[in-house]
Amino acid sequence: MYGWLAEALEDGALVVTANRRLAGVLSEHYAQQQLQAGNKAWPSPAIRPWPDWVREELAEADISQVLPARLTSHQSRVLWEQCLRQQIPDPLLNIGGVVGQARDAWQLMHDYCVPLEEVERAARGRDQGVFVRAARAYRASLADEDWTDDAAATSLFARLLGNGAAPTPDKLVLAGFDRQTPAAERVLDALRGNGCRVSVVERGNAPARCRLTRFEDPEAELRAAGAWARRRLTDNPQQSVAIVAMHLERDAGRSARLVREGLAPGWQLGGRRYQMAVNVSYGQRLSLFPVIATALLALRWLHEDIRSTELSRLLRSDALGPGEWGERSRMELELRRWPDMQWSPERARRILYGNTESDSGWARILASLEAMRGDSSGVRRPSGWAMRFDEVLQALQWPGEMALDSVDFQLHNRWRELLNELARLDLVIASLTLGEALGRLRILAGETIFQPENREGLVQLLGPLEAAGMEFDHLLVCGLSSANWPPPGRPAALLSRDLQREHAMPDADPGDTLAYARRVLLRLAASGSNLACSFPLSEADAEQQASGLLAELGPAEDGSWKDPGWYAQAQTGTAMAVPVTGDEAPPVAEDESVTGGATTVNYQLMDPFSAFAFGRLGVRPIAPIMSGLPPNIRGSIIHRAVNALYHDRPTRAEIETGVAAGLDQRLPEILRYAFGWLEGRADPVLRQLLELEKRRVGNLLRSVVDLDLGRSDFRIAELEVPVTLELGNVKLGLRIDRVDSLAQGGGAAIIDYKTGRRRQFLNAGHEPTDGQLVAYTMALDEPVAELAFMNIDSRRVDYAGAGRDLTPDIDWDAELAGWQDDIRNAMRLFEQGDVRINGAFPAKDSRSFALLSRVRELQHGH
């Protein structure tokens, strides 16, 4: 492969490529040739991508010539924003998209050597007129300040070559160019005029045959592409294998994941090496990398409060602060106990540390961040903010304590370059507030595409343009449907269509789009010694057919590679409906602490392993961060409100004569008690939600009173009763919401408040749906005549239970004794070390402990 390269370099030629990827590949190939020749050292080959070559030549010429200062891409963007804002003062308009279109049009003008005056004469409509006026202001700013920009670089280079003010190589070889712009042709003409021999690497011939396969959809197609590459590499690991995907730029990360599914099934379990098996030609926005996103979020906290979900990300990120994972985990779990709200560093320190003094690393970080907030007011030059941001991140110990690998190191360096680019905005921005500086930094990070320098992948995944000039042993071109190729034309929106056609600009008319697509496809076909193509039969709910341009490749044979499907789906089977016996655990020791209360009892009745994990190991499911008031917060508020309502433990008669009559008068005091613990720590939005919740709770309390007045005579005996259930060595602490003494027939009624979905105590077979209330009877030292859930919810407030009078159709004492025996037997097994895994336990209930029990692996024999 690349048989022309060694000869060109040995002849002293400068090789200029269409893109940086091809330049890197050619340099690596040349290095391999030198190693195979037995050389241990050699001069760096003269291989440059076109943009870098032009920039380097201009920089060298600037030493001897007085040239305009060249704006960076970001400086140019800011200048365009300023010029467009003069024409479009509407503050609600997203100027970013307009800036991008204006810069594209400005670049086209320079690439195709079209003067602004001609653009102005051809302009039609308001948008094109706005662009012309902004372009005039932009050009005037460049002239006034003696600046130039990237768009004018090629034309400036051509003039310098024509004047003899730039060096001319003896020989120039162009590789990977599908088309040249008039500005680039002027450079080449100037080189030829100076005696340079300019040649172009000719496209080879396409393989004699092409294999074509169709797939159900794009996902199946890319998975099959991975399987195709796997087979090629299995046959010969030394072969170069590449996959070209149309529109890869839309979501390169997703496309790479799909290819990995076929190339390395189960790659998610194989670590970084398997993740790097596919080398993708497209990078992603710098702001999407976790370590950079963490830095941007931490800096935003310097300016404004952040939400609970964002604070959770900072606490869980290894790119921020000291390790202290135990401390950070404790803080993050405490955070999840609170509703989603806005957090300042001061509020986070006060609430998450419980008003206690702490000298931990994170406590110091929160304190210093709060102090730095006060020092970050006013306005500064962009360079001042760049220095400030660097100081803040150093104080926050970004990017963490872990050793940086190659990718992390490159990311860190690219971030520092980004701060330098922010500092260079001094040239075009006099001063910024903190919010404006952060907004500018986010734009820089969002527009910067970063791809780590790494070509270790087994398979290259490329876009059709990135593959220009490259050669492969095996090439698969995917996505060749009529909807994808030729791609839709995208003429410049801010330039007259007549002007674009006159100067033969890209996509000026459908004929140009078609001709270019044909040229690219033929170039791709000639890039591989063995060629395969594919297309999806459906995409985005629309039927597809093969691109008509495939006929340019000659007759196609049917391909044989197939979609391997999803790896995870292949591992899935029918779940077991019988318990699975796991490893043995030691019996509960006499002095062992068992936690979890009635929840541990319920788990033992349903899934013994969950009871072991919950009660003996102390494992707790992690609560999600929820918007509004989470169910646990609502439940706590209602429990406190009902306890305050019945604080004096009234009888039914006293409820009727005192509690009900005086409820409106007492309600403000009750609500202060129920909500006060939360109101003092809430942000403004949460306080408004709490005001709405107060109205709801007030109505619920009235419904609770009405419900109790509908019952037979009773007296509230105890509220929030702490009891202990002792069964052998198992001692469980329980807390009963309420115990009533019944007047009719005597005995106690145990009541548990349920504030979520409505709960029934007995099922259709007269069996308890929950062991909680039965466990309470075994811990309470008095006869129990009634067990009930009091459902307290806006949809319904009712009493669901069983007892001598509530369910006269059952033998209460006998049934209760039987239920108690069931719990004794279950807890006896628990005491003996029961860790059986119930394969029939619903996934939604066992999910929290499935990672520990490995129930899915056991079910499928892994």
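This briefing introduces an open sheet, a helix that lies across part of it, and the residue Ser527. The model is predicted, so local features need pLDDT of at least 70 and side-chain atom pairs count only at pLDDT 80 or more, while totals for chains, interfaces and linings use all residues. Residues are numbered from 1 along each chain as its sequence is written, and side-chain values use heavy atoms, with hydrogens and water left out.

**The sheet**
- An open sheet is built from 7 parallel strands in the order 9-16-8-17-18-7-21; strands are DSSP runs of E with at least two residues, numbered from the N terminus, and two of them pair if DSSP finds at least two bridges between them.
- Strand 9 (278-280) and strand 21 (556-558) are at the edges with a single partner strand each, so one side of each has no neighbour in the sheet.
- From one strand to the next, the twist averages 25 degrees.
- Strand 7 (residues 210-215) runs parallel to strand 18, joined to it by 6 bridges, and Cys210 stands opposite Leu531 in strand 18.

**Around Ser527**
- You will find Ser527 in the loop between helix 22 (510-525) and strand 18 (528-536); helices are DSSP runs of H or I with at least four residues.
- Ser527 is buried (under 20% relative accessible area, 1.4 Å probe, protein chains only), with a value of 5%.
- A polar atom of the Ser527 side chain lies 2.9 Å from the backbone oxygen of Arg523.
- Beyond its neighbours within four places in sequence, Ser527 is in contact (heavy atoms within 4.5 Å) with Met470, Glu471, Phe472 and Leu475.

**The helix across the sheet**
- Helix 10 (residues 218-235) lies across several strands, including strand 8 (241-245) and strand 17 (472-478).

Conventions. Buried < 20%, exposed > 50% of the residue type's maximum accessible area, 1.4 Å probe, protein only. Polar contact = N/O pair within 3.5 Å; in protein donor to acceptor, adjacent residues only side chain to side chain. Axes fitted to C-alpha atoms, helices over the stretch in contact; angles between N-to-C directions.
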